[in-house]
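I opened this model to record what surrounds the ligand and how one helix is packed. The entries below follow the order in which I looked things up.

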Amino acid sequence: MSTTDSQRMEKIVSLCKRRGFIFQSSEIYGGLNGLWDYGPLGVELKRNLKNYWWRVMVHQRDDVVGMDGSILTHQDVLKASGHVEDFSDLMVDCRNCKSRFRADQIVQKNGVQQCPRCGSKDLTEPRAFNLMLETHIGSIDPRSGPIYRLLPAGLTTSNIAQPEISETSSVEVRYPAGEQVTIVYLRPETAQSIFVQFKNILDVSRKKLPFGIAQIGKAFRNEINPRNFTFRSREFEQMELEYFCRAEEGMKLLEYWKEERLKFYENIGLPSGKLHVLNVPEEERAFYSKGTYDIEYDFPFGRQELEGVAYRTNYDLKQHQDASKKPLEYFDEEKKERIIPHVVEPSAGVDRAVLALICEAYSEDQAPDEKGKMEARVVLRFHPRMAPIKCAVFPLLKNKEPLVAKAKEIVALLRPHMFVFYDESGAIGRRYRRQDEIGTPFGVTVDFETLGEKDPKLRDTVTLRERDSMKQERVRISDLLDLLSMRIA
Ligand code: ATP
């Protein structure tokens, strides 16, 4: 990352905290690495993104239905999907500074591998590290003392002398009292619950191929090196669609969804010039995938993945059918045959898209202060569709009752339709500046002309200021709702 890019990133992280977009999780206790909390504005931005995704991927289509699955996942689901065995990253430890890295982050200098932190060449061999987080369910008496051991498959504390910690094959935990609890995983992706519910949803929705099941929800990965702010987190949200189809449609639909998803990112304000499609080469794809695209964005810290669009064949449904012994088939009326559908999966990260929106929106320019002197302005140029607050409403002066009353009337008019913010404190220029910094696209000011004091023709009109151009237009209050609704749609 160049100095300017890293400075830009620092400013973005600091703005996110200062204005309430994103905070470090458990900050007052020293924080937890790779975990983040969204504040009052961050949660609005995130919701706008998720709602828009849901609107275009589910509501505006005849061929997609939604679901919301549980986070805690049965071991057998993730065994069948291959996650218990294979969902791992290779990690390398530096024996000198004791740092741990993903093997692909180790730097090469003159053909020799070095620690990216201290430069030491004293590194361990790469070892597989399972990324799934697990917990247990069952009735546990918390007073029953020090208890928890992860055991290799088939072993209990009674049949081994020195239980070893296993990273991959733990299946069961026994407590001294003999009580047994079940290990469950915090899902590493939302997709598996869609596959597992495929038959139920097919039966209730009566959809015909091709059709999709969409889900937005949390996923968890014990990332070795969480980094780049929220980009690589241990808890994050995904927006996933599993689009089921016949085998012969798979490759065509892969192209279709790649294009649809690119359009989506442009429609939320990421310019096409900063979006890139990586055609993932065969040796880097999951073995069952016949084609995968990564949609990438130019973050200040480099070009990185926002979303994967993968043609996963019928691997997942087949695996679950074989493991559960329950049919997950589709009866093709035309051909009068049972098939296990294939699937194309566009899988997007909510947090990565939010971060891209903030990085894209962040800008600095000049704006006149109260006396007309130019001063530096920080502005988040969010697409109005994504902006946390759509419109701020200001009475010119807070101690003039008729101005305040009119401004509050406008708030009441707009509030049922969009998120508005009322602010009466400070000079009007300052109030604009505060809204610019959080990306509010429109500001409405109630002044003496609104009251018809100067020109009766201007009664019940307000100034509408646009954030990016700072241009002001005089509009009738009665036109305001339509005008704004059109611009934020
Ligand atoms: P990466 O290669 O960056 O680890 P991935 O290819 O493992 O990502 P997928 O398994 O395809 O990711 O997950 C789909 C999407 O979920 C990703 O494109 C990304 O937007 C999001 N995602 C995955 N891991 C994380 C994470 N640790 N933090 C935030 N978002 C993530």
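I counted a residue as near the ligand if its C-beta atom, placed from the backbone, lies within 6 Å of the ligand. The model is a predicted one.

Entry 1, the ligand. I found 16 residues around the ligand, and the closest are S233, F236, G308, S347 and G349. The elements that contribute two or more residues to this shell are β14, β17, β20 and α9 (350–361). I noted that β17 gives the most, with four residues. By class, I recorded eight charged, five polar and three nonpolar residues in the shell.

Entry 2, helix α7. I checked the length of α7 (residues 250–267) against expectation: at 1.5 Å a residue its 18 residues should span 26 Å, and the end C-alpha atoms are indeed 26 Å apart. Which residues of α7 are buried? I listed G250, L253, L254, W257, K258, R261, F264 and Y265. They occupy an arc of only 145 degrees around the axis, so they lie on the same side of α7. On the face turned away from that buried side I found the exposed residues K252, E259, K263 and E266.

Entry 3, the cover over α7. I noted that the buried residues of α7 are covered by elements including α2 (40–59), β14 (235–245), β15 (275–279), β16 (291–299), β17 (302–311) and β20 (342–349). Just after α7, I recorded a positive phi of about 110 degrees at G269.

Entry 4, the domains. I recorded domain 1 as 3–69 + 190–315 + 342–358, domain 2 as 90–185 and domain 3 as 389–488. The C-alpha centres of domain 1 and domain 3 are 36 Å apart.

Technical notes: Residues are numbered from 1 along each chain as its sequence is written. This is a predicted model: local features need pLDDT of at least 70, side-chain atom pairs count only at pLDDT 80 or more; totals for chains, interfaces and linings use all residues. Domain bounds come from an automatic or database domain assignment. The expected span of a helix is 1.5 Å times one less than its number of residues. A residue is buried if 20 or more other C-beta atoms lie within 10 Å of its own, exposed if 12 or fewer, and partly exposed in between; C-beta atoms are placed from the backbone. The arc is that of the directions from the helix axis to the C-beta atoms. Two residues are in contact if their C-beta atoms, placed from the backbone, lie within 7 Å. Ala, Val, Leu, Ile, Met, Phe, Trp, Tyr, Cys and Pro count as nonpolar, Asp, Glu, Lys and Arg as charged, and the others, Gly among them, as polar.
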